[in-house]
Amino acid sequence: MPARASVRESLLAKLPKKKIGAELGVFRGDFSIEVLRIADPMRFHMIDPWVSIEVGPRRAGWYGADQRTQADMDKIHDDVLQRFAKEVKAGTAIIHRATSEQALSEMPDGTLDWIYVDGDHSYEGALLDLRLSLTKVKPGGMICGDDYATNGWWNGGVERALHEFLHETGQRVIVRFLVDSQFVLDIRS
């Protein structure tokens, strides 16, 4: 099995170059750097609320209060702003400090060529992100994501959400790539 980094790089290599994309769940921006390097987007929306989660199972996750306080999350957001200042100034990167629902609601439907879903890993959150992504990605575009797995605090939430999403969208969405918890879905017209 290929190393996680090379699988993610393989996924990014499948994205069309010089197009418009978005990442849901930026955290520190480590994967965002790879997106910019490999996918070379014309415009890249980086979406994350940078909020410390106080209640529920997400409290134990990367964004959870068991791991990081709100002050920690504010610092991470500030670091991301500095880290991507050049790309923001050039208009290549747009940083949205918002939930995926908030940020995507401000974008016209059918304007993204691809989206990478790695935000709220709960079943409800992942399903919402997939449904919202479908409205924002153009026909012929792609919805990609991470953590198609049963391990982790999310207890298979992403996996369940993806299965339900594929069932409800029928032949409109097909699986192109599914390796080592990474997935790529093609959107048909």
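Biologist: Let's start with Ser-133: is this residue buried or exposed?
Modeller: Keep in mind that this is a predicted model. The relative accessible area of Ser-133 comes out at 0%. Anything under 20% counts as buried. So Ser-133 is buried.

Biologist: Which residues further off in sequence is Ser-133 in contact with?
Modeller: Ser-133 has its place in helix H6, residues 123-136. Leave aside the neighbours within four places in sequence, and the contacts of Ser-133 are Leu-24, Ile-115, Val-117 and Ile-143.

Biologist: What is the strand order in the sheet?
Modeller: The sheet is an open one with mixed pairing, made by 7 strands. Strands E3 (93-97) and E6 (173-179) are its edges, each pairing on one side only. From one strand to the next, the twist averages 15°. Read across, the order is E3-E2-E1-E4-E5-E7-E6.

Biologist: Which strands does helix H2 touch?
Modeller: H2 covers residues 30-39 and packs on the sheet. Its direction makes about 165° with that of E2. The strands H2 touches are E1 (20-24), E2 (43-48) and E4.

Biologist: And which residue in E5 stands opposite Trp-114?
Modeller: Strand E4 (residues 112-117) and strand E5 (residues 137-145) run parallel, joined by 5 bridges. Opposite Trp-114, in E5, stands Met-142.

Biologist: Which element gives the most to the largest nonpolar core?
Modeller: That core has 28 residues, and those touching the most other members are Leu-104, Leu-112, Ile-115, Leu-130, Ile-143 and Phe-165. Elements supplying at least two residues each include E1, E4, E5 and H6. With 6 residues, the one that gives the most is H6.

Biologist: Which residues does Leu-104 touch, not counting those up to four places away in sequence?
Modeller: Leu-104 is among the residues that touch the most other members of the largest nonpolar core. Beyond those four places, Leu-104 touches Leu-24, Ile-47, Leu-112, Ile-115, Leu-132 and Lys-136.

Biologist: How are H6 and H7 set to each other?
Modeller: Their axes come within 8 Å and cross at roughly 40°. The crossing is right-handed, and the contact includes Leu-130 of H6 and Phe-165 of H7. Angles under 35 degrees would count as roughly parallel, and 65 to 115 as roughly perpendicular. H6 and H7 are therefore oblique.

Conventions:
Residues numbered from 1 in each chain as written. Predicted model: local features only at pLDDT ≥ 70, side-chain atom pairs only at ≥ 80, totals over all residues. Heavy atoms only, no water. Pairing = 2+ DSSP bridges. Helix = DSSP H or I, 4+ residues; strand = E, 2+ residues; numbered from the N terminus. Axes fitted to C-alpha atoms, helices over the stretch in contact; angles between N-to-C directions. Contact = heavy atoms within 4.5 Å. Buried < 20%, exposed > 50% of the residue type's maximum accessible area, 1.4 Å probe, protein only. Core = buried A, V, L, I, M, F, W, Y, C linked by side-chain atoms within 4.5 Å. Parallel < 35°, antiparallel > 145°, perpendicular 65-115°, else oblique. Left-handed = near helix turned anticlockwise from the far one by under 90°.
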